[in-house]
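I opened my notebook and went through this model a piece at a time. Here is what I looked up, in the order I looked.

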Amino acid sequence: MSQLMILSMLLFFALTVPVAISIGLASLIGVQVAGINWLVIAQKIYASLDSYPLVAIPFFILAGNLMEAGGISTRMVNFAKSLVGNMQGGLACSCVITCMIFAAVAGSSVATTFAVGAILIPAMVKHGYPKPFAASLQTTAAELGVIIPPSVPMILFAVSTETDVGELFIAGILPGMLIAFALVIYVWLYAKRHGYGKNDGEGRLGIWESFRQAWLALLMPVIILGGIYGGIFTPTEASVVAVVYALIVSIFIYRTIGFGQLSETFRKTVIATAVIMFVIANAGLFGFLLNRAGVPNALGEWLGMLFSDKVSFLLGVNIALFFIGMFIETSASIVVLAPLLLPVAIKFGVDPTHFGIIMVVNLALGMITPPFGVNLFAACTVAKLPIEKLIKPLIPFVGVTVLCLMIITYVPEIALVLRDLAYR
């Protein structure tokens, strides 16, 4: 049964059937072949969605959309430019820094791409950067949206594996900062070598002036993350706080959006949430059938024979996840693969929180690599470029991120030091 389900799912993928529908159809085939009562379908779909941490997903998506619509991202961009915009390549560096700050609220790489890219891609082109380079930088920097907390994929990993969401959130901070630092170094060296960005300081606000305009926006991640780790509210409650704060700041303080504009923001949020929840529902049924067929135990025994130690296991998993992420959407990959791989990782002595960070960072690469990278398509939309124009300039960015992934994989302290300080 399990072989037929997996082969059916891969066939549907090859036929370009949407991921969630492919998983659902493969699950229906498994139910039929196994002779299971079809009432189980409704039970398992409901059970997969009946999870308190999942409530955070629509609220974090809504918070990100409100930030985009309310102009909060513009103030963050101006603040980042004031910090590094006076040096050569500073505008490109500010793209990375802005994405890092925006990620600390939005929890979504696609929202980060549209909100920040709509401002900084045209600005970089105006300052002489090649448009494909600017779009590739935005594509890569936006992946920080799923690595730096809060993160929707981290919530999905936590729900799928019964791992603590708060531990995953705090474990993502230093890995996200490592990737951001590496990207800043690369784009600074690139600008120096090619002579770009010599006039990046033009039109830059002073640090104090930009901070005065943006301090309410910058306070948002402080309130959210400080509230979580200060024990004031849970990560799920933090998502509601983020929405309320974004509404108050955007409507009553900045006055950049009105009540009449909220309907479009809510519509975008509902659509994005429905897509993720549909994936989770179908993947929950799919996972139940695989567990019933004994696939996790069989997979664990096979991987135990294939890899002799923790180092080779992590390398093999990273290679597999990199290629899986290129073809399968991140949410689906996590909810299907995380419950299968985590027990094996634990047998090899890998900390569950560390493995969650490895998986999220690796699958985030799938968001920036063809043929199905959602960040890539979002950046192409913003820059109005065909995807083939971004492939060559994107390769070094992927290389930098892969290098960081290897460091995060084999130096677990990067992910676990803050977790251990806060929870141990």
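**Core.** I began with the largest nonpolar core of this predicted model. I found 144 residues in it, and those with the most contacts inside it are Ile57, Met124, Leu156, Phe313, Phe355 and Met359. Which helix gives the largest share of this core? I noted helix α6, residues 90-106, with twelve residues. As a reminder to myself, nonpolar side chains tend to be buried together in soluble globular proteins.

**Ile57.** I then picked Ile57 out of the core list and asked what it touches beyond its neighbours within four places in sequence. My list reads Val152, Ile155, Leu156, Ile276, Met277 and Ile280. Leu156 was a pleasant find there, as Leu156 is also among the residues with the most contacts inside the core. I placed Val152, Ile155 and Leu156 in α9, which spans 152-161.

**Aromatic rings.** Next I turned to the rings and counted 13 aromatic pairs. One of them joins Phe307 and Phe313, 6.1 Å centre to centre with 80° between the planes. I wrote this pair down as edge-to-face, because the angle is over 60 degrees. Are these two residues buried or exposed? Phe307 has 15% relative accessibility, so I entered it as buried. Phe313 is buried too, with a relative accessible area of 0%. I also marked one aromatic cluster, formed by Tyr129, Phe133, Tyr186, Tyr190, Tyr196 and Phe397.

**Val336.** I looked up Val336 in helix α17, which covers residues 330-347. Its relative accessibility is 13%, so it counts as buried. What does Val336 touch, leaving out residues up to four places away in sequence? I found Ile23, Ala283 and Phe286. The contact with Ile23 got a second look from me: the two residues are 313 apart in sequence, while their C-alpha atoms are 9.3 Å apart in space.

**Surface patch.** From the interior I moved to the outside, where I traced a nonpolar surface patch of about 700 Å². Its members are Val311, Leu315, Ile319, Phe323, Leu403, Ile407, Tyr410 and Val411. Two elements, α16 (310-327) and α20, each give two or more residues to the patch. I credited α16 with the largest share, four residues. From helix α20 I checked Leu403. With a relative accessible area of 55%, Leu403 is exposed, because the cut-off for that word is over 50%.

**Backbone oddities.** I finished with the backbone. Where is the cis peptide bond? I located it between Pro149 and Pro150, with omega at about -5°. Pro150 lies in the loop between α8 (131-141) and α9 (152-161).

I also noted two positive phi values in residues other than glycine, at Glu162 and at Lys384. For Glu162, phi is near 60°. I placed Glu162 in the loop between α9 and α10 (165-171), and at 77% relative accessibility it counts as exposed. For Lys384, phi is near 55°. Lys384 sits in the loop between α19 (374-383) and α20 (388-410), and with a relative accessible area of 74% it is exposed.

How values were computed:
Residues numbered from 1 in each chain as written. Predicted model: local features only at pLDDT ≥ 70, side-chain atom pairs only at ≥ 80, totals over all residues. Heavy atoms only, no water. Buried < 20%, exposed > 50% of the residue type's maximum accessible area, 1.4 Å probe, protein only. Patch = residues over 30% accessible without salt bridge, like charges linked within 9 Å, V, L, I, M, F, W, Y side chains within 5 Å. Areas by Shrake-Rupley, 256 points an atom, 1.4 Å probe, with all protein chains shown as cover. Salt bridge = Lys/Arg side-chain N within 4 Å of Asp/Glu carboxyl O. Contact = heavy atoms within 4.5 Å. Core = buried A, V, L, I, M, F, W, Y, C linked by side-chain atoms within 4.5 Å. Phe/Tyr/Trp six-rings, centres within 6.5 Å; stacked < 30°, edge-to-face > 60°.
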